[in-house]
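Open the structure in your viewer and get ready to click along. This tour tells you what to select next and what you will find there.

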Amino acid sequence: MSEHNGGCHCGKVKFTAKDPIISVACNCQRCRKLSGSLHLGVIFSEENFSVDGELSSYEYVGGSGNKVNSKFCGICGTKIYSKAELFEGLVSVKLGVLDDALDFPPQMEVFTNYKLNWLKDNGCIKESFEEAAVAERLTSILENL
């Protein structure tokens, strides 16, 4: 079992995650707005993810039309992870909060029709989907389990 640690900027929230499933880049405007930058996340099983510290939350409707609950540190505002209603049992941990973020180049990208034209792939992305591609993403995630 591979274990990964991380936390927020101020140190009030820490987490441990085990056995990553897949790393994903989302190119949609919603994710860019919510993250304040490019959105990259690493998917873990919820049962392999534990948090120590107090989190605040923000719920919104994702690109699939389903609810997403985003968790962040209430002190420094660092986004830690999101849970999409559609992907029950999984959490998407924000890449930048992992202590070993360099170990997780994106393997999949979604909403490529909104991708910033100056972003380039160094060959790490194995699957690309326009729009939400929910069924295809579920299939890919299941194949990586």
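What follows is a walk through a predicted model, from its sheet to its aromatic rings.

**Stop 1: the sheet**

Switch to a cartoon view and select the strands β6, β7, β8, β9, β4, β3, β10 and β11. In that order they make up an open sheet of eight strands, and their pairing is mixed. Which strands lie at the edges? They are β6, residues 55-61, and β11, residues 127-129, and each of these pairs on one side only. Turn the view as you go across the sheet: from one strand to the next, the twist averages 25°.

**Stop 2: from β6 into β7**

Begin at the β6 edge. Seven bridges pair β6 with β7, in the antiparallel sense. The two strands form a hairpin, with five residues between them. Click on G65 in this turn, where phi is positive, at about 90°.

**Stop 3: K71**

Now select K71, which sits in strand β7. On the β6 side, its bridge partner is S57. Over in β8, K71 stands opposite Y81. What else does K71 touch once its neighbours within four places in sequence are set aside? Its contacts are L55, S56, S57, T78, K79, I80 and Y81. Before leaving, add G7 to the selection: 64 residues separate G7 and K71 along the chain, while their C-alpha atoms are 12 Å apart.

**Stop 4: from β7 into β8**

Follow β7, residues 67-73, onward to β8, residues 79-84. The two strands run antiparallel and are joined by five bridges. Here too there is a hairpin with five residues between the strands, and G77 has a positive phi near 85°.

**Stop 5: β8, β9 and the covered strand**

Go one strand further. β8 and β9 are antiparallel and pair over two bridges, with Y81 opposite V93 in β9. Their hairpin has five residues between the strands, and G89 in the turn shows a positive phi of about 90°.

Select β9 itself, residues 90-94. Why is this strand described as largely enclosed by the rest of the structure? Five of its five residues are buried, so β9 earns that description. Try colouring its two faces separately: L90, S92 and K94 lie on one side, V91 and V93 lie on the other, and all of them are buried.

**Stop 6: β4 and S45**

On the other side of β9 in the strand order comes β4. These two strands pair in the antiparallel sense over five bridges, and I43 stands opposite S92 in β9.

Stay in β4, residues 39-45, and pick S45. Is S45 buried or exposed? Its relative accessible area is 15%, under the 20% cut-off, so S45 is buried. Apart from neighbours within four places in sequence, S45 contacts I21, G89 and L90. You have already met G89, in the turn between β8 and β9.

**Stop 7: aromatic rings**

Finally, show the side chains of the aromatic residues. How many aromatic pairs does a search of the whole structure find? The search gives four.

Start with Y58 and Y60. Their ring centres are 5.8 Å apart and their planes meet at 25°, so this pair counts as stacked. The two residues are not equally covered: Y58 is partly exposed, at 44% relative accessibility, whereas Y60 is buried, at 13%.

Next, select F111 and Y114. This aromatic pair is tilted, with 6.1 Å from centre to centre and 40° between the planes. F111 has 7% relative accessibility and counts as buried, while Y114, at 39%, counts as partly exposed.

For the last selection, take F15, F49 and Y81 together. These residues form one aromatic cluster. Y81 is a familiar residue by now: it is the one that stands opposite K71 and opposite V93.

Definitions and conventions
Residues numbered from 1 in each chain as written. Predicted model: local features only at pLDDT ≥ 70, side-chain atom pairs only at ≥ 80, totals over all residues. Heavy atoms only, no water. Phe/Tyr/Trp six-rings, centres within 6.5 Å; stacked < 30°, edge-to-face > 60°. Buried < 20%, exposed > 50% of the residue type's maximum accessible area, 1.4 Å probe, protein only. Pairing = 2+ DSSP bridges. Helix = DSSP H or I, 4+ residues; strand = E, 2+ residues; numbered from the N terminus. Axes fitted to C-alpha atoms, helices over the stretch in contact; angles between N-to-C directions. Contact = heavy atoms within 4.5 Å.
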